[in-house]
Amino acid sequence: MSDELPILIAGGGIGGLAAAVALARKGLPSLVLEKASKLGEIGAGIQLGPNAFHVFDQLGIGERAREMAVFIDSLLLMDAIADGEICRVPLGEDFRARFGNPYAVIHRGDLYGVFLRACEDSPLVGLRTSAEVMEYDQDGGSVTAILSGGERVRGRALIGADGLWSNLRAQVVGDGAPRVSGHTTYRSVIPTEMMPENLRWNAATLWAGPKCHIVHYPLSGWKVFNLVVTYHNDAPEPVTGKPVSNEEVLQGFTHVCERAQSIIRHGRGWKLWVLCDRNPVSRWQDGRVALLGDAAHPMLQYAAQGACMAMEDGMVLAEAIAARSGAIEAGLADYVAARVIRTARMQLQSREIGDHIYHPAGAHAELRNAIMRAKSPIEWFDALEWLYGGANNGAGENLHFQRAAVAAE
Ligand SMILES: Cc1cc2nc3c(=O)[nH]c(=O)nc-3n(C[C@H](O)[C@H](O)[C@H](O)COP(=O)(O)OP(=O)(O)OC[C@H]3O[C@@H](n4cnc5c(N)ncnc54)[C@H](O)[C@@H]3O)c2cc1C
């Protein structure tokens, strides 16, 4: 009987583990098949909107996640040419009251650890490493994941949570390689004492300049600062985690103000990524197989929502399957229907944010400054309602994600 088989999850990233935890909460066993020889995440920071905390709460890990997080006071936008504040979105009591949860920043390793511990604590979650899923076969009753060594693993369903370069997407969608954005991102994490004192702000700070930007925020109980700087240099090839020198990073930032440049000079151990995304698609399912997270909807990081969306996916997936007790293909179809519009909006909006907020120059930048300065906190909250609102009714409903996206603006 296929109903007794586990739900296979290809990929043990944040999305894959969130799905495993969510399925276990619904009493559904899963087996995570991770390509790497060790489970883990890269040592950098991640921003979490209230929608991430809605998911944590529904998965029963809200308290642990909160222990790891730094609760920042604002999202701060600085002009990297004029060295002045453009605007800030306050994240205090009014923000929390409006959205039912905080905005926070967290070390990826800490966030990953919260999910991993929840998986390890559950008898319903199996974790296998050195298990790369190459492709799948399915008949009417079950699905078989075929691993790189030729081993065949049978499951009730197969979830492709295998990231940007997903093998399963190649089979489900078949739309070729991701789109290279031409944006190069450099990441560094430094001890707080190395961060210039006049920049140790309790904010997720963004310095926006022509074709470049710099982001920084505190992490891990203020022990370290996360630095992420991006240069739109029309890089032609995808690159992942290549070490580079401070001098190389600075090359794209000679036109920004001294204070913004000083952030780069204080970085250490910079690593480079050339960012990729994809156009939205609505085909995420093939029978008993469905995609999740970056495999389904990879996006540029400019709305800081890729992982948040992957975690939401995991929660909605489990709810949709549980609601169709036994009818796995119908459950997967409900999941996809509930997620496509919201994530498509995020994919496209992330590109727009890059073009119109992060990287404009000249009159385009002046227009940005004028529009953003004119917004009141309430207007910011209204603009964010579709993304952060509506999910915290405690009842575990999921389809509101779809409704919120459709109803917005
Ligand atoms: C610079 C930068 C900053 C970001 N900042 C934020 C932020 O602030 N907030 C936010 O929410 N998001 C952010 N994101 C996005 C976020 O990192 C991703 O959206 C998220 O990690 C996607 O999770 P995932 O589990 O879908 O994929 P991944 O994290 O890519 O995990 C995929 C997993 O699958 C494994 N795998 C791959 N292929 C196979 C296979 N064939 N078989 C088995 N296993 C396989 C991989 O080893 C990996 O463990 C940022 C991204 C970048 C690049």
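This is a short talk on one pocket, one exposed residue and the confidence of the model.

Let's start with confidence. What you see is a predicted model. The average pLDDT for the protein is 93. Of the residues, 95% score at least 70. There is a stretch to treat separately, residues 392-409. There, pLDDT stays under 50. The model still has 34 contacts for that stretch, counting those beyond four places in sequence.

Now the pocket. I'm taking the second largest one. Its volume is about 180 Å³. Which residues line the second largest pocket? From the early part of the numbering, we have Ile 42, Gly 43 and Ala 44. Then come Arg 187, Ser 188 and Val 189. Asn 226 and Gly 241 join the lining as well. Arg 268, Gly 269, Lys 271 and Trp 273 complete the list.

Which elements give two or more residues to that lining? Strand 12, residues 179-191, and strand 17, residues 271-277. Strand 12 gives the most, with 3 residues.

What about chemistry? By class, the lining of the second largest pocket has 4 nonpolar residues, 5 polar and 3 charged.

Last, a residue at the start of the chain. Glu 4 sits in the segment before strand 1, which spans 7-10. Is Glu 4 buried or exposed? The relative accessible area of Glu 4 is 66%. The cut-off for exposed is over 50%, so Glu 4 counts as exposed. Now take Val 228, 224 residues from Glu 4 along the chain. The C-alpha atoms of Glu 4 and Val 228 are separated by 45 Å.

Conventions
Residues numbered from 1 in each chain as written. Predicted model: local features only at pLDDT ≥ 70, side-chain atom pairs only at ≥ 80, totals over all residues. Heavy atoms only, no water. 1 Å grid on protein atoms, 1.4 Å probe; cavity = no way out; pocket = protein on both sides within 12 Å on 5 of 7 lines; lining within 4 Å. Points joined across faces, edges and corners; volume = space filled by probe spheres on them. Helix = DSSP H or I, 4+ residues; strand = E, 2+ residues; numbered from the N terminus. Nonpolar A, V, L, I, M, F, W, Y, C, P; charged D, E, K, R; others polar. pLDDT = per-residue confidence, 0-100. Contact = heavy atoms within 4.5 Å. Buried < 20%, exposed > 50% of the residue type's maximum accessible area, 1.4 Å probe, protein only.
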